[in-house]
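Student: I've got a structure open and would like to go through it with you. Can we start with the strands?

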Amino acid sequence: MTQLAINGGPKTKTRPFGTGKRFGQEEKDQLMEVIDNDMLFYCMGNKVYEFQDEFAKMHDMKHCVACSSGTAAVHIALGTLQLKPGSEVITSSITDMGSLTGILYQNLIPVFADIEADTYNMDPKSVEECITEKTGAILVVHHTGLVADMDAFLALGEKYNLHIVEDVAQAYLGEYKGKLAGTMTPISTFSLNHFKHITCGSGGMILTNDEDKRKFASLFSDKCYDRETGIKNPYFLAPNYQMTELQGAVALAQLKKLPWIIKQRRKLGDKLTEHLKTIEGITPQLIPEGTKHTYFFFVFRVDTEKLSVTSAEFSAALKEEGIPNVANMITGGMPEYAYDVFKNRSAFPDSQHPFVNSELGTNISYDNVNCPVAEKAFTQVINLEMNEFFTEQDIEEMGQAIEKVARYYMEKR
Ligand SMILES: Cc1ncc(COP(=O)(O)O)c(C=O)c1O
């Protein structure tokens with residue numbers, strides 16, 4: 001039995017991972033143009049407008065509205081649906097809080113659906129069970145960069161007359177049956193935060209083909225001031241979620257790099273997926289036929305029963321082999337509904353609004369949310385960084401290290 005590094009054996013990965021700079025001359029040039037132009041306000045500049053046009057064109061969509069974050073983008077998208085306060089929005093039990101913040105600020109009620117055990121995306125069967133007469137929309141998150149089962153969600157939308165929104169924060173240029181992520185629903189949302197495939201520090205976008213939605217989204221992201229007509233007479237409540245020219249400039253430069261970033265991550269991620277398929281006790285994320293992953297990060301499952309190991313033990317051993325990882329999903333160790341804000345219904349001070357509100361007719365508790373598949377995933381899933389600058393050798397060594405650790409526990413049983 002080969003000794004694990006954690007037990008004093010040789011480390012699998014001794015060479016450093018491939019690295020590279022995310023920002024360079026392209027970003028500098030764009031930023032210099034903004035400074036030379038002496039204008040940081042999107043409305044009087046050109047970088048944000050240019051970025052919006054380029055992003056829409058890349059997706060063969062008519063309109064993009066840029067904003068200050070992915071959280072803002074989800075809020076804006078939900079705003080355009082004009083749902084009655086108290087309506088329910090079904091979303092995944094494993095996502096970022098940014099998917100949920102806008103729901104609450106729009107006085108809507110998040111309802112959490114369970115996930116599929118193999119893709120970690122929302123399970124359409126669980127979503128259907130969550131539908132009530134109060135459901136207004138389904139927010140579909142393409143978790144880890146893998147596009148969810150959109151045919152099933154679009155069919156639910158038709159069957160129950162519900163809005164469907166794609167949250168594409170993690171899945172730039174993900175593909176589903178020949179369609180790009182973010183092009184399958186009337187409005188979709190993106191994030192440009194630090195961790196995403198491309199970034200401008202913080203930023204977000206919505207995509208739509210609907211002129212009314214575009215107009216509403218631009219009003220919603222800018223205090224309901226109509227910058228196009230110059231009319232300042234807000235007729236609904238709207239925050240200021242403007243993107244600045246500085247963000248727009250960096251986003252524009254980053255956008256040009258996006259196809260290469262996705263190509264690299266897909267090549268590397270798919271290679272690791274293939275290797276992991278051959279290892280007993282290890283299951284990589286399932287990539288359904290017709291779907292192309294974008295590997296925002298890389299997850300795999302450890303068969304903790306078969307290997308007689310906890311995911312924390314496996315994770316610690318893998319780390320000592322030279323492979324950074326976390327035994328976790330991105331939500332900090334628990335499904336979203338276990339967060340204090342939901343458990344304690346404490347979105348606003350001294351109030352249970354919007355969870356409990358007689359005027360809205362709401363009374364929801366998250367104490368008995370039943371998402372066994374999501375909860376089990378937290379005990380078995382390991383999360384690895386994926387990066388476009390990694391080399392093929394890095395990927396080989398990642399696979400070898402996982403194989404070594406899995407084999408050790410398999411033989412030790
Ligand atoms: C699925 C998803 N939605 C929304 C967001 C929020 O994006 P931001 O951090 O830009 O507000 C994130 C960010 O991690 C995300 O992963």
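Tutor: Sure, and keep in mind that this is a predicted model. Strand β6, residues 175–176, runs antiparallel to β7, and two bridges join them.

Student: Which residue of β7 is the bridge partner of tyrosine 176?

Tutor: Tyrosine 176 falls within β6, which covers 175–176. Its partner sits across in β7, and that residue is lysine 179.

Student: Why is one side of β7 and of β11 left without a neighbour in the sheet?

Tutor: The sheet is open, with three antiparallel strands in the order β7-β6-β11. That puts β7 (179–180) and β11 (291–292) at the edges, so one side of each has no neighbour because each has a single partner strand.

Student: On to the largest nonpolar core: which helix gives it the largest share?

Tutor: This core has 116 residues, and those with the most contacts inside it are Ile76, Met205, Ile206 and Val405. Take methionine 205: leaving out residues up to four places away in sequence, it touches Phe55, Cys64, Val65, Ala66, Cys67, Ala73 and Phe190. As for the largest share, ten residues come from one helix, spanning 245–276, and that is α8.

Student: And the ligand: which element gives the most residues to the shell around it?

Tutor: The shell has 16 residues, with Gly70, Thr71, Asp96, Gly98 and Ala169 coming nearest. By type, they split into eleven polar, three nonpolar and two charged. Two or more residues come from each of α3 (70–81) and α4 (98–105). The top contributor, with three residues, is α3.

Definitions and conventions. Residues are numbered from 1 along each chain as its sequence is written. This is a predicted model: local features need pLDDT of at least 70, side-chain atom pairs count only at pLDDT 80 or more; totals for chains, interfaces and linings use all residues. Two strands pair if DSSP finds at least two bridges between them. Helices (H or I, at least four residues) and strands (E, at least two) are DSSP runs, numbered from the N terminus. A nonpolar core is a set of buried Ala, Val, Leu, Ile, Met, Phe, Trp, Tyr and Cys residues joined through C-beta atoms within 7 Å. A residue is buried if 20 or more other C-beta atoms lie within 10 Å of its own, exposed if 12 or fewer, and partly exposed in between; C-beta atoms are placed from the backbone. Two residues are in contact if their C-beta atoms, placed from the backbone, lie within 7 Å. A residue is near a molecule or strand if its C-beta atom, placed from the backbone, lies within 6 Å of it. Ala, Val, Leu, Ile, Met, Phe, Trp, Tyr, Cys and Pro count as nonpolar, Asp, Glu, Lys and Arg as charged, and the others, Gly among them, as polar.
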